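Visitor: I am new to this structure and would love a close look at one part of it. Could you take me through its strands and sheets, and then show me what surrounds them?

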Amino acid sequence: MQRLYPMYRWISVCALAGIIAITAYHRAYASDHLDTPTVIADPAADIGDIFAWTSSDGHRLNLVMDIVAHQFSDKLEYVFHVDSGARFGKTTASTSIICRFDTAQTAECWVGGADYVHGNASDTAGLEGENHRFRVFAGLRDDPFFNNVKGTREAYDVAGASLQNGTGVDTAACPEFDQATSRKVLDTWRHTSGGPATNFLAGWQASSLVLSIDLDVVSNGGKLLAVWGAVHRAPLAQSMAIAKSRGKWPAVPTIGKPIERTARPLIKNALVGGPLAPDAMSNRRKEAYNRAQRPGWMQFSGDIERTLGLYDGFDGTCGNQWLADSKGDPHRRYEKLARLLADDRVWVNSASTTCTQFLAVEFTALGAPGALAGDCGGRTPNYDASNIFRSLLIDGTSNGGVDGLTRDEKTHSTVDFPFLAAP
């Protein structure tokens, strides 16, 4: 066992307290919250979650972006990036779906250069593109993310107290909680103030940007699609083009500077932000994460690697996290998973019409036990994605249910547009 040096112990406890404050904060509603100071200052720039899956008829890719604010900003661009390739981890083509709004919430969207739409997209039937290649909805819907915020906060309290009282860490920075502490952490996490787990986010409404796009528009590079969402500052010189000219839609706008991005749940705030880092350091890394261009994403694998050890220790056994190398160099124990997560995109097998397993594409490519090779993977609004992810980080399984919840109070559709339940 390696005892925590005083400064390391101080950082650990302060960081855990930071997580507690974050999860308790009233805007910590979805898996990408709470975000950086820049995004917090503008809720219309704050992405909660990204969802992506194939339609049951095999013809379309369905996409959802939830925004914290109750309306979209006329100064921002909301962008889905859909990369495509023939094999996992390598994409060779990319399509950008760009949507902008005016002050009356009139939408204007481009799907690459293939299609365009302009108008009021708040009706549940949505608006169809002029070339009939996609449909878009933009308006308030029920947020499908669910989270036992209080139970999570209380579980971190238990872990924080143990670290403060002298629990050591191994050479891979995994806390060596004893079995009694581990049981208390996990049991506390599954309850709310000692009672049944409750969803702190029940009834929360989000501004939802929903699209259903013909697959051949976004799969030029191959059947495997990698999706991520971003919010960009709209260039001032490119005001929203309301009127068309000579029967043609406006040119696809240049995308402005990025200020927010997300894909898989919990990556930025639970891993890159670093529960062992002071707030100022955490915010700097998250701000950099939001602004990084694709070629620079791997720089964050080190941040993620340093954080994975904390989650690995929650069950009292270090080294059983998914993809952890428990027999090699302990300083590189979490490197493989960290590099996988640093490439933060939601992977969808568009050749499949069945979507039941979160991370199915990753599991299949890496030979994980129980992988459903014929599943589309992706993320539907009904996956318990965050808890499945937590399970993988804690004990290497995909059992989910870490915070005692397994579903939202409302039922969301994966078939009927606009998919999310009414607010």
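Guide: Here is a walk that starts with the whole chain, stays longest with the strands, and ends with a few single residues.

Please keep in mind that this is a predicted model. The chain has 423 residues, and 59% of them are buried. It holds 11 helices and 14 strands. Among contacts with a separation of 6 or more, 70% join residues 24 or more positions apart. The chain exposes about 16,600 Å², with carbon and sulfur atoms supplying 53% of that area.

Let us turn to the strands. Five of them, in the order β1-β2-β11-β8-β7, form an open sheet with antiparallel pairing. At its edges are β1 (47-54) and β7 (127-128), each of which pairs on one side only. As a general point, strands of a sheet pair through backbone hydrogen bonds, either parallel or antiparallel.

Start at the β1 edge. Although β1 is an edge strand, 8 of its 8 residues are buried. Its partner is strand β2 (residues 60-67), which runs antiparallel to β1 and is joined to it by 7 bridges. To find this pairing on screen, look for I50, which stands opposite M65 in β2. The two strands make a hairpin with 5 residues between them, and in the turn G58 has a positive phi of about 75°.

Further along the order you reach β11 and β8. Strand β8 covers residues 134-142 and strand β11 covers residues 205-214; they pair in the antiparallel sense over 9 bridges. A handy landmark here is A138, whose bridge partner in β11 is L209.

Keep L209 in mind, as it leads on to the core. The largest nonpolar core has 101 residues, and Y78, L209 and F314 touch the most other members. Strand β12 (residues 224-233) gives the most to this core, with 7 residues. In soluble globular proteins, nonpolar side chains tend to be buried together.

Y78 now takes us to another strand, β3, where Y78 points one way along with L76, F80, V82 and S84. From the same strand, E77, V79, H81, D83 and G85 point the other way, and the residues of both sets are buried. In a regular strand the side chains alternate between the two faces of the sheet. Why is β3 described as largely enclosed by the rest of the structure? Strand β3 (residues 76-85) has 10 of its 10 residues buried, so it is largely enclosed.

β3 also has partners to look for. It is joined to β12 by 10 bridges, and the two run antiparallel; E77 stands opposite H232 in that pairing. With strand β4 (residues 93-101), β3 shares 7 bridges, again running antiparallel. There, D83 stands opposite S94.

F314 is another of the residues that touch the most other core members. Not counting residues up to four places away in sequence, F314 touches Y156, A159, F177, S182, V185, L186, W189 and I394. One of these, S182, sits beside T181 in the numbering, and T181 is found in helix α4 (residues 179-189). T181 counts as buried because its relative accessible area is 16%, under the 20% cut-off. Beyond its neighbours within four places in sequence, T181 is in contact with V158 and S162.

There is some empty space inside as well. The structure holds 4 cavities of 30 Å³ or more, and the largest has a volume of about 80 Å³. Its lining includes F51, P144, F145, F146 and R379. Helix α11 (residues 385-395) supplies the largest share of that lining, 3 residues.

Finally, here are two residues with less cover. R306 lies in helix α8 (residues 301-312) and is exposed, with a relative accessible area of 54%. From R306 to H331 is 9.5 Å, C-alpha to C-alpha, while they are 25 residues apart in sequence. K410 is placed in the segment after α11, and its 34% relative accessibility makes it partly exposed. Leaving aside neighbours within four places, K410 contacts D142, A421, A422 and P423. Since D142 is part of the stretch 134-142 that forms β8, that contact brings us back to the open sheet of β1-β2-β11-β8-β7.

Conventions:
Residues numbered from 1 in each chain as written. Heavy atoms only, no water. Pairing = 2+ DSSP bridges. Helix = DSSP H or I, 4+ residues; strand = E, 2+ residues; numbered from the N terminus. Buried < 20%, exposed > 50% of the residue type's maximum accessible area, 1.4 Å probe, protein only. Contact = heavy atoms within 4.5 Å. Areas by Shrake-Rupley, 256 points an atom, 1.4 Å probe, with all protein chains shown as cover. Core = buried A, V, L, I, M, F, W, Y, C linked by side-chain atoms within 4.5 Å. 1 Å grid on protein atoms, 1.4 Å probe; cavity = no way out; pocket = protein on both sides within 12 Å on 5 of 7 lines; lining within 4 Å. Points joined across faces, edges and corners; volume = space filled by probe spheres on them.
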